[in-house]
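Take a look at the chain below. This report walks through its spaces, its helices and a few unusual backbone spots.

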Amino acid sequence: MLKRIKPTHVRLGMFIEAIEGSWIDHPFWRKQFRLERATDVEKLKSSNVSAVIINTVKGLDVTVLSPPERKAPSSPRENAELKRALETIELAKPMISAMFDSARLGGIIPVSYAAQAVEQIATCMNSGSKALIEVTRLKSRDEYTFLHSIAVSALMVHLARAVDLDEETAYDVGMGGLLHDIGKMRIPLKLLNKTGPLDEPEMKLIRLHPSHGYQLLARQGDVSKVILDICLHHHERIDGRGYPKGLSGEEISIPVRISSICDVYDALTSVRAYKKAWSPREAASFMLEQEGQFDKRLLMQFFHSLSI
């Protein structure tokens, strides 16, 4: 759906379909693009263009807050946190891409890259800032796989710290979040990007990705048990109805319980080829209604830590 809005209403994650006004006032050489950098948002807001046409199917919609809800202007600290989050993503992108490419080709996965990326993510989350989590919600279809990995890693580090796990375990949990879907690199891309419902044979193929990922990582010998546990079991459920092994209750470790919560939350709050992004409140409501899927105590701590 196309909408004509004022340049002052643009925000990160919008897809720009067209910019109205004189080419002299146009701050970009591209005609169609997604707003993914804070500097580009500021360029548009301060430009002299008369209007901007956005595509709400390809990107975020405009949000006009009522007077009681209107947010205060961003503070210097918030701007600094946003800049740091964007820099973290740019630093992590090539490392994650290299890992996924190696997994796709069946080669040795450079786990040292994951360690460097998690170090950046954990540092970015040190101040309690949620800027990294917010920025990674703005995923395009082409970027979903690696931004989902960054987002899940950030959410898992955040929750691990919120429940007072030691920093070494929080680091391993973050590594597990970054690598949890590495097995999807062995699943046909056409199947991963399918917009319609999956049939039973297709679901069986998709459900092989935890085992694929575990096998890829376990053969290397330099990956911790926590990371392997997360990779293999992040789709298990407390009630035993998950996969691949149907574990239940105490058979499922705390790091794995954390991973299943963060994985589902990020998927629900992200734009996908077949659905719009849910708000954090909508995702929380849905997840709380899923009987037997999550550790309810951890789930409540998760939403409390995100102020939902």
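## The largest cavity

Glu-236, Arg-237, Ile-238, Ile-252, Val-256, Arg-257, Ser-260, Gln-293, Phe-294 and Asp-295 line the largest cavity. The model is predicted. The volume of this cavity is about 30 Å³. The structure holds 1 cavity of 30 Å³ or more.

What classes of residue make up the lining of the largest cavity? There are 4 nonpolar, 2 polar and 4 charged residues. Ile-238 and Phe-294 are among the lining residues, and both count as nonpolar. Arg-237 and Asp-295 also belong to the lining; these two count as charged.

## The second largest pocket

Now turn to a pocket. The second largest pocket has a volume of about 270 Å³. Its lining consists of Lys-130, Ile-133, Glu-134, Tyr-265, Pro-280, Arg-281, Leu-306, Ser-307 and Ile-308. By class, that gives 5 nonpolar, 1 polar and 3 charged residues.

Which helices each supply at least two residues of this lining? They are α4 (131-136) and α12 (280-289).

## The chain as a whole

The chain has 13 helices and 4 strands. Of its 308 residues, 47% are buried. Here, buried means under 20% relative accessible area.

The accessible surface comes to about 15,800 Å². Carbon and sulfur atoms account for 54% of that surface. Consider also the contacts with a separation of 6 or more: 67% of them link residues 24 or more positions apart.

## Two helices and their partners

Helix α3 covers residues 111-124. Its 14 residues should span 20 Å at 1.5 Å a residue, and the end C-alpha atoms are 20 Å apart, so the two values agree. The buried residues of α3 are Val-111, Ala-114, Ala-115, Ala-117, Val-118, Ile-121, Ala-122 and Cys-124. An α-helix has 3.6 residues a turn, so residues three or four places apart point the same way. Look for that spacing in the list for α3, which includes Val-111, Ala-114, Val-118 and Ile-121. The buried residues of α3 pack against α2 (76-104), α4, α5 (144-162) and α6 (167-179).

Helix α9 covers residues 209-218. His-209, Pro-210, Ser-211, Gly-213, Leu-216 and Leu-217 are buried there. What do the buried residues of α9 pack against? Their partners are α2, α6, α8 (200-206) and α10 (225-233). Note that α2 and α6 appear in the list for α3 and in the list for α9.

## Unusual backbone spots

Most residues other than glycine have a negative phi, and most peptide bonds are trans. Three spots in this chain deserve a look.

Start with the bond between Tyr-243 and Pro-244, which is cis, with omega about 10°. Pro-244 sits in the loop between α10 and α11 (254-268). Next comes Asp-164, with a positive phi near 65°. Asp-164 lies in the loop between α5 and α6. Is Asp-164 buried or exposed? Its relative accessible area is 68%, so Asp-164 is exposed.

The third spot is Ser-307, which has a positive phi of about 60° and is not a glycine. Ser-307 lies in the segment after α13 (296-305). With a relative accessible area of 63%, Ser-307 is exposed. Ser-307 also helps to line the second largest pocket.

Technical notes. Residues are numbered from 1 along each chain as its sequence is written. This is a predicted model: local features need pLDDT of at least 70, side-chain atom pairs count only at pLDDT 80 or more; totals for chains, interfaces and linings use all residues. Side-chain values use heavy atoms; hydrogens and water are left out. On a 1 Å grid over the protein atoms alone, a cavity is a set of points where a 1.4 Å probe fits but cannot get out, and a pocket is an open set with protein on both sides within 12 Å along at least five of seven lines; lining residues have an atom within 4 Å of a point. Grid points are joined across faces, edges and corners, and a volume is the space filled by probe spheres set on the points. Buried means under 20% relative accessible area, exposed over 50%, partly exposed in between (1.4 Å probe, protein chains only). Contact means heavy atoms within 4.5 Å. Accessible areas come from the Shrake-Rupley method with a 1.4 Å probe; for residues, only the protein chains shown count as cover. The expected span of a helix is 1.5 Å times one less than its number of residues.
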